[in-house]
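This briefing looks at charged side chains, at their partners and at their exposure to solvent. Please have the sequence and the model at hand while reading.

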Amino acid sequence: MVATDALWAAASTEVAKAEAEKVATAAVANNTELAAVYKEAESKISTEPALLLVAALSHADAVAAEPFAQPLLAQLLDQCSAKSPAVRGAAEAAATTVISS
């Protein structure tokens, strides 16, 4: 399994974004891990790191990510109205990435 612990423990947006990109790169390299990583992100979809991860996965390989990202679109759009500005921004970026991929 692709290690995601550092992503969930990230102390800042910058660290979370860097960790999300690392996880996305590892998951895309090992295509069999995509489903598990998306399922983990979906279980934490109201958090900034999970939204950053969805965006990073969609950006890393849009074709491989599409079957997993598209079903999350409604949840991503729902998070665009979150109270936290960080979550709202990450949700907007994730939704935009999924739609444009």
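With which residue does Lys22 form a salt bridge, and how far apart are the closest N and O atoms? In this predicted model, the partner of Lys22 is Glu19, and the closest N and O atoms of the pair are 3.3 Å apart. A search of the whole structure finds one salt bridge, and the points below describe that pair before turning to two buried glutamates that have no salt bridge.

**The salt bridge in H2**
- Both Glu19 and Lys22 belong to helix H2, which covers residues 13-29, and their spacing of three residues corresponds to about one turn of the helix.
- Lys22 is exposed, because its relative accessible area of 54% lies over the 50% cut-off.
- Glu19, by contrast, counts as buried, because its relative accessibility of 17% is under the 20% limit.

**Glu48 in H4**
- Glu48, which is found in helix H4 (residues 48-60), is buried without a salt bridge, and the nearest side chain of opposite charge, that of Lys17, is 9.3 Å away.
- The side chain of Glu48 does make a polar contact of 2.8 Å with the side chain of Thr13.
- When neighbours within four places in sequence are left aside, Glu48 is in contact with Thr13, Ala86, Val87 and Ala90.

**Glu33 in the loop between H2 and H3**
- Glu33, located in the loop that separates H2 from helix H3 (34-43), is likewise buried and has no salt bridge, with Lys39, the nearest side chain of opposite charge, 13 Å away.
- Not counting residues up to four places away in sequence, Glu33 touches Met1, Val2 and Ala27.

Methods:
Residues numbered from 1 in each chain as written. Predicted model: local features only at pLDDT ≥ 70, side-chain atom pairs only at ≥ 80, totals over all residues. Heavy atoms only, no water. Salt bridge = Lys/Arg side-chain N within 4 Å of Asp/Glu carboxyl O. Helix = DSSP H or I, 4+ residues; strand = E, 2+ residues; numbered from the N terminus. Buried < 20%, exposed > 50% of the residue type's maximum accessible area, 1.4 Å probe, protein only. Lys, Arg positive; Asp, Glu negative; His and termini not counted. Polar contact = N/O pair within 3.5 Å; in protein donor to acceptor, adjacent residues only side chain to side chain. Contact = heavy atoms within 4.5 Å.
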